[in-house]
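Me: Could you take a close look at the charged side chains in this model, and then follow the connections from them into the rest of the fold? I would like one connected account rather than a list.

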Amino acid sequence: HPRPLQVDFVQNSWKSPTRDATLWDVSDILQLAGHGVRSIVSVSHVFTTGPMGSLYPDYAQRWATYHARLAATGALEHVAFAYPSDEPDLRMTAATLGAITAAIKASQPPLPVLLTLSNVPFNVTSGELDYPLVTTHLEPTDIVSFDIYSSGAVYWAAMKAKLDILASFTS
C-alpha cells in the first residue's frame, strides 16, 4: 500500500462562545483524519472573548475541558498543532499569549504550538522592522512563522529582518 500523504490543515478560526465549538472541532478533526490529514486547530475561541478579545477569567478550566473532550473522542491524536490566534502580535498582549501557550503546554499530553505572526511593517530605507517585536512570549512556541505581503527586493529584505528576529530568540 502506498504511504498516505502527510498534510496538515489549519482548521477553523474563532468561533462563537455561545455554542459548544468542541463538537465542530471534533467532527472536522476526525473527518480530516479519515483522509490522513492532521489538523492545526485554532483555539482562540477557548481562551478569548473574540478574535481580538480579552482572556476569559476561567480560560484554564475551559482549556482543560476542551482538551479532555478532544482526548475522549480520539480527536486529540490527530491534532498536529494548537494555533492560539492568527497574528497574535496584533490581536493580543504578550501576557495573554503567554497565558494561552502556558495552558496548552501544561496539558497532558501537551500539544505543540504554532504561531503565525503579522506582516510586521518593514522600513525599506532603514532595513529594519517598523516596530519592536517582543519575543519573550514566543519561547514556549514550537513553530513560529510570519505573514509577508510584499514582493521582490522588499520581500527578501523583510524576510531577512524577520528571520533575524527568530534567530535572536532561538540562539
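**Salt bridges and the core**

Reply: In this predicted model, Arg91 and Glu87 form a salt bridge in which the closest N and O atoms are 3.9 Å apart. The Glu87 partner is buried, since its relative accessible area is 10% and the limit for that class is under 20%. Arg91, by contrast, counts as partly exposed, with a relative accessibility of 25%.

Arg91 also takes part in a salt bridge with Asp86, where the closest N and O atoms lie 3.8 Å apart. Asp86 is partly exposed at 32% relative accessibility. Taken together, Asp86, Glu87 and Arg91 are joined in a network of salt bridges.

The backbone at Glu87 also deserves a careful look, because this buried residue has a phi near 50°, which is a positive value in a residue other than glycine. Glu87 sits in the loop that runs between strand 3 (79-83) and helix 4 (88-91), so the charged network and the positive phi can be inspected together when you centre the view on this residue.

The structure holds 3 salt bridges, and one of them is found between Lys105 and Asp142, whose side chains meet at 2.4 Å, N to O. Lys105 belongs to helix 5 (residues 94-106), whereas Asp142 lies in the loop between strand 6 (128-129) and strand 7 (143-146), so this pair ties together parts that are 37 residues apart in sequence. Both ends of the bridge fall into the partly exposed class, Lys105 with a relative accessible area of 27% and Asp142 with one of 41%.

From this bridge the path leads to Leu111, which touches both Lys105 and Asp142. Its other contacts, leaving aside residues up to four places away in sequence, are Trp63, Leu76, Val79, Ala82 and Ile104. In the stretch of chain that comes after helix 5, the peptide bond from Gln108 to Pro109 is cis, with omega near -5°, and Pro109 itself is placed in the loop between helix 5 and strand 4 (114-117).

Leu111 is also a member of the largest nonpolar core, which has 25 residues, and it is one of those that touch the most other members, along with Val43, Phe47, Trp63, Tyr66, Leu70 and Ile104. At least two residues of this core come from each of helix 1 (21-33), helix 2 (44-47), helix 3 (59-73), strand 3, helix 5, strand 4 and strand 7. Helix 5, which also carries Lys105, gives the most to this core, with 4 residues. There is, in addition, a second and separate core of 5 residues, among them Ile40, Ala80, Phe81 and Leu114.

Helix 3 offers a last point to examine, since Thr65 has its place there and counts as partly exposed at 30% relative accessibility. Measuring from C-alpha to C-alpha, Thr65 and Val46 are 9.5 Å apart in space, and in sequence they are separated by 19 residues.

Note on methods:
Residues numbered from 1 in each chain as written. Predicted model: local features only at pLDDT ≥ 70, side-chain atom pairs only at ≥ 80, totals over all residues. Heavy atoms only, no water. Salt bridge = Lys/Arg side-chain N within 4 Å of Asp/Glu carboxyl O. Buried < 20%, exposed > 50% of the residue type's maximum accessible area, 1.4 Å probe, protein only. Core = buried A, V, L, I, M, F, W, Y, C linked by side-chain atoms within 4.5 Å. Contact = heavy atoms within 4.5 Å.
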